[in-house]
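Please open the model in your viewer and keep the sequence panel beside it. The tour below proceeds by selection, one stop after another.

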Amino acid sequence: MSRKCEYCDKGVISGVQYSHSHRQSKRKWAPNIKRVKAIVNGTPKTVHVCTRCLRSGKVQRAI
C-alpha cells in the first residue's frame, strides 16, 4: 500500500518518542491514507489520498 498522498505528497515522518521517565525510542508517524476512486483528467481512477485532501475538496470523488 502507498504511504504517500498523490496530491500533497504527505508521507511518513520519523522522530523520537519520550516515555514518562524521558527514555527515548524512535517511532514513525504515518498519514491517514485512503484508497479512493477519483476523477483524474476526466476519467475515474483509483488513487491514494490523505484524508485532509479529501476533506478540503482537493479531490473530486467518482460516483
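Is Gly 57 buried or exposed? Gly 57 is exposed, its relative accessible area being 54%; buried means under 20% relative accessible area, exposed over 50%, and partly exposed in between, with a 1.4 Å probe and protein chains only.

Before continuing, please note that this is a predicted model, in which local features need pLDDT of at least 70 and side-chain atom pairs count only at pLDDT 80 or more, while totals for chains, interfaces and linings use all residues. Residues are numbered from 1 along each chain as its sequence is written, and side-chain values use heavy atoms, with hydrogens and water left out.

**The segment after α1**

Keep Gly 57 selected; this residue lies in the segment after α1. Helices (H or I, at least four residues) and strands (E, at least two) are DSSP runs, numbered from the N terminus. Next, add Lys 4, which is 53 residues from Gly 57 along the chain. The C-alpha atoms of Gly 57 and Lys 4 are separated by 18 Å.

**Helix α1 and a charged patch**

Select Arg 52 in helix α1, which spans residues 51–56. Arg 52 is exposed, at 53% relative accessible area. Then add Lys 10, Arg 55 and Lys 58, which together with Arg 52 form a positive surface patch. Patch members have over 30% relative accessible area and no salt bridge, and like charges are joined within 9 Å. A salt bridge, for this purpose, is a side-chain nitrogen of Lys or Arg within 4 Å of a carboxyl oxygen of Asp or Glu. Lys and Arg count as positive, and the place of the charge is taken as NZ of Lys or CZ of Arg. Accessible areas come from the Shrake-Rupley method with a 1.4 Å probe.

**The cysteines**

A search of the whole structure for disulfides finds 0, a disulfide being a pair of cysteine sulfur atoms within 2.5 Å. Select Cys 8, which is in no disulfide; its nearest cysteine sulfur, that of Cys 5, is 3.6 Å away. Cys 8 is partly exposed, with 32% relative accessibility. Move to Cys 50, likewise in no disulfide, where the sulfur of Cys 53 is the nearest cysteine sulfur, at 3.5 Å. Cys 50 is buried, because its relative accessible area is 2%.

**Two loop residues with positive phi**

Most residues other than glycine have a negative phi. Select His 22, in the loop between β1 (13–18) and β2 (24–29). His 22 is not a glycine, yet its phi is positive, at about 70°. This histidine, His 22, is exposed, with 55% relative accessibility.

Then select Asn 41, in the loop between β3 and β4 (43–50). Phi of Asn 41 is also positive, near 55°. Asn 41 counts as exposed because its relative accessible area is 76%.

**Strand β3 and the segment before β1**

Select Lys 37 in strand β3, residues 33–40. Lys 37 is exposed, at 52% relative accessibility. Now add Arg 23: how far apart in space are Lys 37 and Arg 23, C-alpha to C-alpha? The two residues are 43 Å apart in space and 14 residues apart in sequence.

Finally, select Glu 6, in the segment before β1. Glu 6 is partly exposed, with 42% relative accessibility. Add Ile 33, which is 27 residues from Glu 6 in sequence and 9.7 Å from it in space, C-alpha to C-alpha.

Methods: Patches are made of residues with over 30% relative accessible area and no salt bridge: like charges are joined within 9 Å, nonpolar side chains (Val, Leu, Ile, Met, Phe, Trp, Tyr) within 5 Å.
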